[in-house]
Structures are given as structure tokens and as C-alpha cells.
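Q: Could you take a close look at one part of this structure for me? I'd like one connected walk through a single loop and the strands around it.

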Amino acid sequence: VEAADAFDRIQLAQDEAAMDRMILDGFIFIDGSGKRQDKQQFIAGWMAPGDRYDPITLIDRTVTPLGRDAAVVGGETSLCGTSDGVRFCRHMRFADTFVRVDGEWRVAHVQVTRISPE
């Protein structure tokens, strides 16, 4: 859970160096539209100079251990902020897969499912 919280913080803070360290080179991201992206594409998606993110609140958080050195952390949230001065908000579920490498939790895979407004 500490690693998952740290991962959320570095994304929202747009900490590119921390993201590069925490995300494995073979990382896979499946975005809300089903498109597959790699580590560089994922990080770049957080780094647009005109983007700023609000703090998030996680609900329905789950932690599924996959042995001693892997786990999937999931939940539901709304990712909101501004992009070039325009307000946005995306409601989603996510699943982040973490693996322990050399004693440190790293991110191997992220999948996001957008939740349509009702």
C-alpha cells in the first residue's frame, strides 16, 4: 500500500525522475480506451506542461497479493485537474501491478477502465 500511495503521489506531482525509477522498463499500460502504451508513453502522458492535477480520493481500494513479491492494487477514483486552463475530470477504476525487485516495489502494469457519467 505504501508503494501504491507513493506511485499515486509521484504521478500527481508530475515527478518524471521518480516515475522513471519506480516503473519497470518493460512496463505495460492499458488506457481507458483499451490502447496499449509503454513506459515512455505513460510517463509522457503525465508531463504535459499545461496539465495540473488535483489531489485524489480512492474508494473501494483492493489489494490482491500474488505471493511475497507481487501484488495488484486497485480502486476507483476521479482524476481531475486542468489542461491548458480547461477543467477536466475522469472517473475510473484502475489496477496497478507491483513487483518487488531488489527489495523495492516497482510498477509492472497498469490498467484503467473509464466509468461513464450516469
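What follows is a look at one loop residue and its surroundings.

A: Let's start with the ground rules: this is a predicted model, where local features need pLDDT of at least 70, side-chain atom pairs count only at pLDDT 80 or more, and totals for chains, interfaces and linings use all residues. Residues are numbered from 1 along each chain as its sequence is written, and side-chain values use heavy atoms, with hydrogens and water left out.

Now to Asp31, which sits in the loop between S1 and strand S2 (36-37); strands here are DSSP runs of E with at least two residues, numbered from the N terminus. Asp31 is buried (under 20% relative accessible area, 1.4 Å probe, protein chains only). Still, Asp31 has no salt bridge, meaning a side-chain nitrogen of Lys or Arg within 4 Å of a carboxyl oxygen of Asp or Glu. The nearest side chain of opposite charge is Arg114, 5.7 Å away.

What Asp31 does have is a side-chain to side-chain polar contact with Gln37, at 3.4 Å (N or O atoms within 3.5 Å, one able to donate a hydrogen and the other to accept it). Setting aside neighbours within four places in sequence, Asp31 is in contact with Gln37 and Val112, contact being heavy atoms within 4.5 Å. Gln37 also touches Phe42.

As for the framework, S1 and S2 form a hairpin with five residues between them, and Gly34 in the turn has a positive phi of about 95 degrees. Two bridges join these antiparallel strands, with Ile30 partnering Arg36 in S2. S1 also pairs with S7, parallel, over four bridges (pairing needs at least two DSSP bridges), and there Ile30 partners Gln111.

Notes:
Buried < 20%, exposed > 50% of the residue type's maximum accessible area, 1.4 Å probe, protein only. Lys, Arg positive; Asp, Glu negative; His and termini not counted.
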